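User: Please take a close look at one part of this model and set it in the context of its surroundings. I would like a connected account rather than a list of values.

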Amino acid sequence: MTLKSKHQLDGRAGWLLGAAEDASHALGEWASQDIALLGCGLIFSAVRVPGELVHAAARTDDEQEIAAFLQRSLDGGPVIRDRYARQYYVLVPVGAELRKTARPGRLEHLGRDCYLGVPKVECTTSDGRAYWCVPMTSPGRLCSMTRLRELINDGEKRLQAEAEDACPSLSGGRPEKPGGRA
């Protein structure tokens, strides 16, 4: 990458390139396929959140409503959506800790030695595989782990309530015996 081309970049893209092993290669990936593989744990980390949990917290499956919900809930922090894998990637500060969840294996913290497919900053619509569901508003602005934990807790509670409604025995309720008595 030449000095001139770096100065022509959007400030957000230039900042994100700080996570690339080879900035010229990442620029080429953005140019040819709208997504570049960037290293986590250098200037940002990410938390992979299943779509099911995000949709439960948002109480909707509508993409625009979910984007607005995430914008509000995460105070405008950047979120990438992988439409094919039905996952959301919330960009968080390096060193942010992800607590154990009620449903192990559902969330994953992507830090050092992990890579993330990051769409170019202009990809803000669901035309391709991955896009910025909540665009990065400025270089280095990331999501608060406190706000993310609140969203995760809310989504987990709603999923648990849905499971209990579908199967009352999960909540400790006893099925009724014939004649209407437990």
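Analyst: **A loop residue, a helix and its surroundings**

Asp34 lies in the loop that joins α3 (23-33) to β1 (35-39). The model is a predicted one. The phi angle of Asp34 is near 65 degrees, a positive value in a residue that is not glycine. With a relative accessible area of 33%, Asp34 is partly exposed. A positive phi near 65 degrees is also given for Arg59, likewise a residue other than glycine. Arg59 belongs to the loop between α4 and α5 and directly follows α4. Its relative accessibility is 62%, so Arg59 counts as exposed. This residue leads to the part chosen for the close look, helix α4.

The general layout comes first. The protein contains six helices and seven strands, arranged along the sequence as α-α-α-β-β-α-α-β-β-β-β-β-α. Of its 182 residues, 41% are buried. Among contacts with a separation of 6 or more, 73% join residues 24 or more positions apart.

Helix α4 covers residues 51-58. Seven of the eight residues of α4 are buried, and therefore the helix is largely enclosed by the rest of the structure. The buried residues are Gly51, Leu53, Val54, His55, Ala56, Ala57 and Ala58. What do the buried residues of α4 pack against? Their partners are β2, α5, β4 and α6. The enclosed helix is thus followed by an exposed residue, because Arg59 comes after α4 and has 62% relative accessibility.

The contact with α5 can be described in detail. Helix α4 packs on α5 (residues 63-73) at an angle of about 80 degrees, and their axes are 10 Å apart. At this angle α4 is roughly perpendicular to α5. On the α4 side the contact involves Val54, His55, Ala57 and Ala58, and on the α5 side Ile66, Phe69 and Leu70. Six of the residues of this contact are nonpolar, one is polar and none is charged.

Helices α4 and α5 also contribute to a wider assembly. The largest nonpolar core comprises 27 residues, and those with the most contacts inside it are Val49, Leu70, Leu74, Val79, Val90, Val92 and Leu148. At least two residues of this core come from each of β2 (45-50), α4, α5, β4 (87-92), β7 (130-134) and α6 (145-166). A separate core has 24 residues, including Leu17, Trp30, Val118 and Leu142. Leu70 accordingly appears twice in this account, in the contact of α4 with α5 and among the residues with the most contacts inside the largest core.

Strands β2 and β4, which the buried residues of α4 pack against, can be followed through two residues. Leaving aside residues up to four places away in sequence, Val92 touches Phe44, Ser45, Ala46, Val47, Leu142, Cys143, Met145 and Leu148. Ser45 belongs to strand β2, and its relative accessibility of 1% means that Ser45 counts as buried. With the same exclusion of residues up to four places away, Ser45 touches Cys40, Val90, Leu91, Val92, Pro93, Val94, Gly95, His109, Leu110 and Gly111.

Cys40, a neighbour of Ser45, raises the matter of disulfides. Why is Cys40 not bonded to Cys114? The closest cysteine sulfur to that of Cys40 is in Cys114, and at 6.2 Å it is too far for a bond; a disulfide would need the sulfur atoms to lie within 2.5 Å. The count of disulfides is zero. Cys114 is likewise in no disulfide, its nearest cysteine sulfur being that of Cys40. Cys40 is buried, with a relative accessible area of 2%, whereas Cys114 is partly exposed at 22%.

Helix α6 is the remaining partner to be considered. It is among the elements against which the buried residues of α4 pack, and it supplies at least two residues of the largest core. Thr146 is placed in α6 and is partly exposed, with a relative accessible area of 47%. The C-alpha atom of Thr146 lies 9.8 Å from that of Ala96, although 50 residues separate them along the chain.

In summary, α4 is largely enclosed by the rest of the structure, is roughly perpendicular to α5, and supplies at least two residues of the largest nonpolar core.

Note on methods:
Residues are numbered from 1 along each chain as its sequence is written. This is a predicted model: local features need pLDDT of at least 70, side-chain atom pairs count only at pLDDT 80 or more; totals for chains, interfaces and linings use all residues. Side-chain values use heavy atoms; hydrogens and water are left out. Axes are lines fitted to C-alpha atoms, for helices over the stretch in contact, and angles run from 0 to 180 degrees between N-to-C directions. Helices (H or I, at least four residues) and strands (E, at least two) are DSSP runs, numbered from the N terminus. Angles under 35 degrees count as roughly parallel, over 145 as roughly antiparallel, 65 to 115 as roughly perpendicular and the rest as oblique. Contact means heavy atoms within 4.5 Å. Ala, Val, Leu, Ile, Met, Phe, Trp, Tyr, Cys and Pro count as nonpolar, Asp, Glu, Lys and Arg as charged, and the others, Gly among them, as polar. A nonpolar core is a set of buried Ala, Val, Leu, Ile, Met, Phe, Trp, Tyr and Cys residues joined through side-chain atoms within 4.5 Å. Buried means under 20% relative accessible area, exposed over 50%, partly exposed in between (1.4 Å probe, protein chains only).
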